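Welcome, and have a look at the structure below. This short tour will point out a pocket, some helix contacts and a loop.

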Amino acid sequence: MARGDRFVALGLAHARSNWFGDVARWSNSAALPLEFVKCVTVEEVRTRFRTGRPFSALLIDSRVSGLDRDLVDEATSHACAVIVVDDARVRRDWPALGATAVLSDDFGPDELLDALESFAVRIGIAETPMADPTARAAAAWRGHLVAVTGPGGTGASSAAMAIAQGLAADVRLGGLVALADLALDADQAMLHDAGDVVPGVQELVEAHRNGQPTSTEIRALTFAVGDRGYDLLLGLRRHRDWVTIRPRAFDAALDSLLRSYKAVVADITSDFEGERHCGSIDVEERNVMARTTAAAADVVVVVGSPGPRGVHRMVRLVAALVDVGIDGERILPVVNRAPRSPRSRAEITAALNT
């Protein structure tokens with residue numbers, strides 16, 4: 001076999017998966033133009049991706065613990081097709097999670113070769129990356145997203161409530177308005193005197209790690225705030241719970257929220273630092289809700305307070321948003337408790353415009 005004229009596939013399977021041994025046998029006997037690299041854990045798969053070696057595909061058993069949206073995204077980001085071998089006892093919508101193809105657990109060599117030829121690249125032949133296998137047609141509509149942030153003590157959470165209530169009064173939105181508490185230190189449960197702390201954003205994100213809930217199921221994770229006209233998605237129960245929010249699962253959860261409501265107002269933390277700023281991937285993952293939401297928002301409302309210190313903190317926050325790629329035209333500064341004096345207002349406006 002000429003160099004480069006074969007597929008290189010990673011394999012990860014449940015302990016009792018017969019197909020795993022079959023693929024290894026087809027590879028060793030040259031029945032397929034395939035180099036099969038067996039892995040024993042999800043972490044080994046991730047480690048092999050980080051070596052920089054190109055892989056054509058990841059063949060993974062649907063029963064493997066750790067098969068979720070983040071693993072699929074990591075594979076596809078390395079131009080590696082994800083082929084899920086679906087056990088009859090584990091039925092999920094794998095393409096909705098980003099899987100490239102799905103095979104039944106009794107597949108033969110011809111079926112595997114067809115999948116590889118259709119979705120993977122032969123190592124050493126293709127010089128350009130394969131098309132993104134996660135690309136799917138957009139849904140019929142997607143709601144508007146308003147992100148609200150501000151330094152502590154400026155009233156950003158109260159402003160988010162007011163914006164959500166104002167949008168809920170718009171009959172064009174048909175009552176499909178949600179207020180989502182996506183801050184690290186979540187206050188909306190307290191501000192709404194919510195009797196429960198579950199479900200909330202953690203349950204919403206967890207539902208997207210290995211599935212694609214319906215709009216009805218997503219709305220069931222919120223609480224109706226009848227006197228204000230919107231639904232409330234509760235936030236993290238403790239600051240440290242940010243570790244449960246996985247980046248790709250959160251991205252999918254936010255997208256589903258926008259496809260379940262015509263308008264979503266998100267109360268987010270005013271910290272947008274990432275690995276590029278401080279060299280820490282942990283900091284970036286801690287701020288994933290704020291960073292992802294701000295990037296997707298139609299408008300980012302920055303709430304500040306009057307006075308030299310208040311305006312300075314507000315300007316610094318606007319600069320941080322611009323630094324992470326938010327277009328200045330999508331940033332709306334709002335000064336809470338602004339002075340009545342026209343002169344004082346003009347001074348604040350001039351400071352923000354400099």
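Let's begin in a loop: Pro199 is found between helix H6 (188–191) and helix H7 (201–207). Please keep in mind that this is a predicted model. From this loop we move on to the second largest pocket, which has a volume of about 500 Å³, and then to the helices around it.

**The loop between H6 and H7**

- The peptide bond that leads from Val198 into Pro199 is cis, and its omega is near -5°.
- Asp193 also belongs to the loop between H6 and H7.
- Although Asp193 is not a glycine, its phi is positive, at about 55°.

**The second largest pocket**

- With a volume of about 500 Å³, the second largest pocket is lined by 19 residues, and the closest to its centre are Asp70, Arg246, Pro247, Arg248 and Glu285.
- Five elements are worth finding here, as each gives two or more residues to the lining: helix H2 (42–50), helix H3 (69–77), helix H9 (247–260), helix H11 (281–286) and helix H12 (288–296).
- H3 provides the largest share of this lining, with four residues.
- What kinds of residues make up the lining of the second largest pocket? Charged residues number 14, beside three nonpolar and two polar ones.

**Where H3 meets H9**

- Two of the helices that line the pocket, H3 and H9, pack at an angle of about 105°, and their axes are 7 Å apart.
- Angles of 65 to 115 degrees count as roughly perpendicular, so H3 is roughly perpendicular to H9.
- On the H3 side the contact is made by Arg69, Asp70 and Asp73, and on the H9 side by Pro247, Arg248, Ala249 and Ala252.
- Sorted by class, this contact of H3 with H9 holds four charged and three nonpolar residues, and no polar ones.
- Asp70, Pro247 and Arg248 take part in this contact, and they are also among the residues closest to the centre of the second largest pocket.

**Where H9 meets H12**

- The axes of H9 and H12 come within 10 Å and cross at roughly 40°.
- The two helices, H9 and H12, are therefore oblique to each other.
- The crossing in which H9 passes H12 is right-handed.
- H9 brings Pro247, Phe250, Asp251 and Leu254 to the contact, while H12 brings Val288, Met289, Thr292, Thr293 and Ala296.
- By class, the contact of H9 with H12 has six nonpolar residues, two polar and one charged.
- Pro247 of H9 appears in the contact with H12 and also in the contact with H3.

Definitions and conventions:
Residues are numbered from 1 along each chain as its sequence is written. This is a predicted model: local features need pLDDT of at least 70, side-chain atom pairs count only at pLDDT 80 or more; totals for chains, interfaces and linings use all residues. Side-chain values use heavy atoms; hydrogens and water are left out. On a 1 Å grid over the protein atoms alone, a cavity is a set of points where a 1.4 Å probe fits but cannot get out, and a pocket is an open set with protein on both sides within 12 Å along at least five of seven lines; lining residues have an atom within 4 Å of a point. Grid points are joined across faces, edges and corners, and a volume is the space filled by probe spheres set on the points. Ala, Val, Leu, Ile, Met, Phe, Trp, Tyr, Cys and Pro count as nonpolar, Asp, Glu, Lys and Arg as charged, and the others, Gly among them, as polar. Axes are lines fitted to C-alpha atoms, for helices over the stretch in contact, and angles run from 0 to 180 degrees between N-to-C directions. Angles under 35 degrees count as roughly parallel, over 145 as roughly antiparallel, 65 to 115 as roughly perpendicular and the rest as oblique. A crossing is left-handed if the near helix is turned anticlockwise from the far one by less than a right angle, and right-handed if clockwise. Contact means heavy atoms within 4.5 Å.
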